[in-house]
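Here is a friendly walk through one part of a structure, meant to be read with the viewer open. Please keep the sequence at hand as you go.

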Amino acid sequence: MTEEERKEKIKKLKHAVTLNYSDYVKMGWFWGWDAVNICNTDENVIKELPEELIKSKLFIACPQCSCAPEKLRWINFSTSGKSWENLAGSAGYLSICENCKRQVGYLETMYN
Ligand SMILES: [Zn+2]
């Protein structure tokens, strides 16, 4: 890991510690849009929402337009291959409100 990558990782960890779930919901994003847009393809759309997701606390309506959680666009999100190599990877279910261009919920299913 280079010095720059190490600093980036520390920054990310601090970010994770200082923000809680509702902060992300208020901000309207969990992950940078560059990373999200890479994953936001039709192949990554979750057609049948898993039970663990429906029962989770992040299965919420869009806070801006009140679009119901089952009507949001749910995708399989993963951070970049490089982030996994640097032991900073995260993957899970991410909901996007297409009306408001917000990320509404993120349930992490894998990380390293
Ligand atoms: Zn919305």
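## Starting from a loop

Where is S80 found? S80 sits in the loop that runs between β1 and α5 (81-85). Bear in mind as you look that this is a predicted model.

Is S80 buried or exposed? The answer falls in between: S80 has 14 C-beta neighbours inside 10 Å, so it counts as partly exposed, since a residue needs 20 or more to be called buried and 12 or fewer to be called exposed. S80 and S90 are 10 residues apart along the chain, and their C-alpha atoms are separated by 8.7 Å.

## The sheet

From the loop, turn to the strands. Three of them make an open sheet in the order β1-β2-β3, and the pairing is antiparallel. β1 and β3 stand at the edges with a single partner strand each, so each has one side without a neighbour in the sheet. From one strand to the next, the twist averages 20°. As background, strands of a sheet pair through backbone hydrogen bonds, in either a parallel or an antiparallel way.

## How the strands pair

Let us take the two pairings in turn. Strand β1 (residues 73-78) is joined to β2 by 6 bridges, and the two run antiparallel. Here R73 has I96 in β2 as its bridge partner.

On the other pairing, β2 and strand β3 (residues 102-111) are antiparallel over 8 bridges. Two positions to find in your viewer are C97, which stands opposite R102 in β3, and L94, which stands opposite Y106 in β3. β2 and β3 form a hairpin with 4 residues between them. In that turn, K101 has a positive phi of about 55°.

## Strand β2 and the core

How many residues of strand β2 (residues 90-97) are buried? The count is 7 of its 8 residues, which leaves the strand mostly covered.

The largest nonpolar core has 12 residues in all: F30, C62, L72, W74, I75, F77, Y93, L94, I96, C97, V104 and Y106. β1, β2 and β3 each supply at least two residues of this core, and the largest share, 4 residues, comes from β2.

I96 is a good residue to click on, as it belongs to this core and is also the bridge partner of R73. Leaving aside neighbours within four places in sequence, I96 is in contact with N40, L72, R73, I75, Q103 and V104. Of these, L72, I75 and V104 are listed in the core as well.

Notes:
Residues numbered from 1 in each chain as written. Predicted model: local features only at pLDDT ≥ 70, side-chain atom pairs only at ≥ 80, totals over all residues. Pairing = 2+ DSSP bridges. Core = buried A, V, L, I, M, F, W, Y, C linked by C-beta atoms within 7 Å. Contact = placed C-beta atoms within 7 Å. Axes fitted to C-alpha atoms, helices over the stretch in contact; angles between N-to-C directions.
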